[in-house]
Amino acid sequence: MKVILVAGARPNFMKVAPILKRLRAHPADFLPVFVHTGQHYDADMSEVFLADLGLPQPDYYLGVGSGSHAEQTAGVMKAFEQVALAERPDLVIVVGDVNSTLAAALVAAKLCVPVAHVEAGLRSFDRSMPEEINRILTDHLCDLLFTTCEDANTNLRAEGIPEDKIHFVGNTMVESLLTWRAQAERSTIGRRLGVEPGHYCLVTLHRPSNVDEPERLKGLFRALQRIAAQIPVVFPAHPRTQNRLREFGLWQPGAEVGQLMILDPLGYIDFLWLESHARLVVTDSGGVQEETTILGVPCLTVRENTERPITIAMGTNVLVGTDPERLVGEAERVLAGRGKSGSIPPLWDAEVSARIVAVLQQWRRSKAQRAEPGEDVEAPAVCAEANR
């Protein structure tokens, strides 16, 4: 089976890495092709992650870059269609919920190429989130849906997805974390920043709803300054967030903001060390909610909802909304020793990619059994010329 794996943005790389490695360990069964759409193109958001995760250079780099949602999605579709036509894959695997995810799934579906979605079924039930639209549409285009938790299975069933398409396999981002955690312990980022394990707060904020609205970002920034008056705050800031902090007059590069340290984005290994040893984490990232649950680190999520409710039900996550006062209050609870503890959700382990590969092998055998006598089951059914 020729399998195209598509990644576009920083979180995608952690999800793709274990799958690509596992597919390459079965050369008799799979020929993987790695496509990087270039949705995240900054070296700090892309190249360093490929290196840290041991990913090979992509077979195709589409170089789509930034733009509006429509521009970015259309750019990926135009470029990825050429890859799909040239490669004629048996399967396309997409991960996560970014624009590249939906774009590649749309192209494959219209070319009659089967699609698999890793991290399917997650729902925030908030359609003002672009990622929610991407999640819903991608899932309904797919032939195989790999889920991270039982509530994702429930969501898919409620939307009428057939049971035989749904496969509960666990969380590939967790597999990456467990794979690289020992190496992360050798990181020197703590010494370089002058922070001690258990004596700092780690922050990530990047969602447009939090950083693009001046008054909201100002309120959250002041809340972080109040937390920083009690404990050092390490804030590796997304380029978008840095631009808004400058634009709204909150910060300039090189300026000191007390114990609030605003940094450029970090690589996976350095970030994982900081995440593992933080007293608490403040974030609006979906992946960080999952990672802190595995690490047992209290997490305060600056959003009104989450597509990962299992991190609240079982993990260390607390949804604090966007009220600065509540954020500071919950942070003070953690600093006072009253932070939330949690447990590890089922199948969040180091064998997720093995379960995915086992499903793919069974799916391939099933296709062979259903094939008509004499039919070449290896020949991809690309129907590219239908509307030309």
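Author: A disulfide is here a pair of cysteine sulfur atoms within 2.5 Å, and by that criterion this predicted model holds zero disulfides.

Reader: How do you know that Cys201 is in no disulfide?

Author: The nearest cysteine sulfur to that of Cys201 belongs to Cys299 and lies 9.9 Å away, whereas a disulfide requires the two sulfur atoms to be within 2.5 Å; Cys299, whose nearest cysteine sulfur is that of Cys201, is likewise in no disulfide.

Reader: Why is Cys201 called buried, and what makes Cys299 count as buried?

Author: Buried means under 20% relative accessible area; Cys201 has a relative accessible area of 0% and is therefore buried, and Cys299, at 1% relative accessibility, counts as buried because that value too falls under the cut-off.

Reader: Why are helix 12 and helix 13 called oblique to each other?

Author: The axes of helix 12 (residues 268-277) and helix 13 (residues 286-295) come within 10 Å and cross at roughly 55°. Angles under 35 degrees count as roughly parallel, and 65 to 115 as roughly perpendicular, so an angle of roughly 55° fits neither class and the two helices are oblique to each other.

Reader: Which residues make the contact between these helices, and what is the handedness of the crossing?

Author: The crossing of helix 12 and helix 13 is right-handed, and the contact is made by Tyr268, Phe271, Leu272, Glu275 and Ser276 on helix 12, together with Val288, Glu291, Thr292 and Leu295 on helix 13. Sorted by class, this contact of helix 12 with helix 13 has five nonpolar, two polar and two charged residues.

Terms used
Residues are numbered from 1 along each chain as its sequence is written. This is a predicted model: local features need pLDDT of at least 70, side-chain atom pairs count only at pLDDT 80 or more; totals for chains, interfaces and linings use all residues. Side-chain values use heavy atoms; hydrogens and water are left out. Axes are lines fitted to C-alpha atoms, for helices over the stretch in contact, and angles run from 0 to 180 degrees between N-to-C directions. Helices (H or I, at least four residues) and strands (E, at least two) are DSSP runs, numbered from the N terminus. Angles under 35 degrees count as roughly parallel, over 145 as roughly antiparallel, 65 to 115 as roughly perpendicular and the rest as oblique. A crossing is left-handed if the near helix is turned anticlockwise from the far one by less than a right angle, and right-handed if clockwise. Contact means heavy atoms within 4.5 Å. Ala, Val, Leu, Ile, Met, Phe, Trp, Tyr, Cys and Pro count as nonpolar, Asp, Glu, Lys and Arg as charged, and the others, Gly among them, as polar. Buried means under 20% relative accessible area, exposed over 50%, partly exposed in between (1.4 Å probe, protein chains only).
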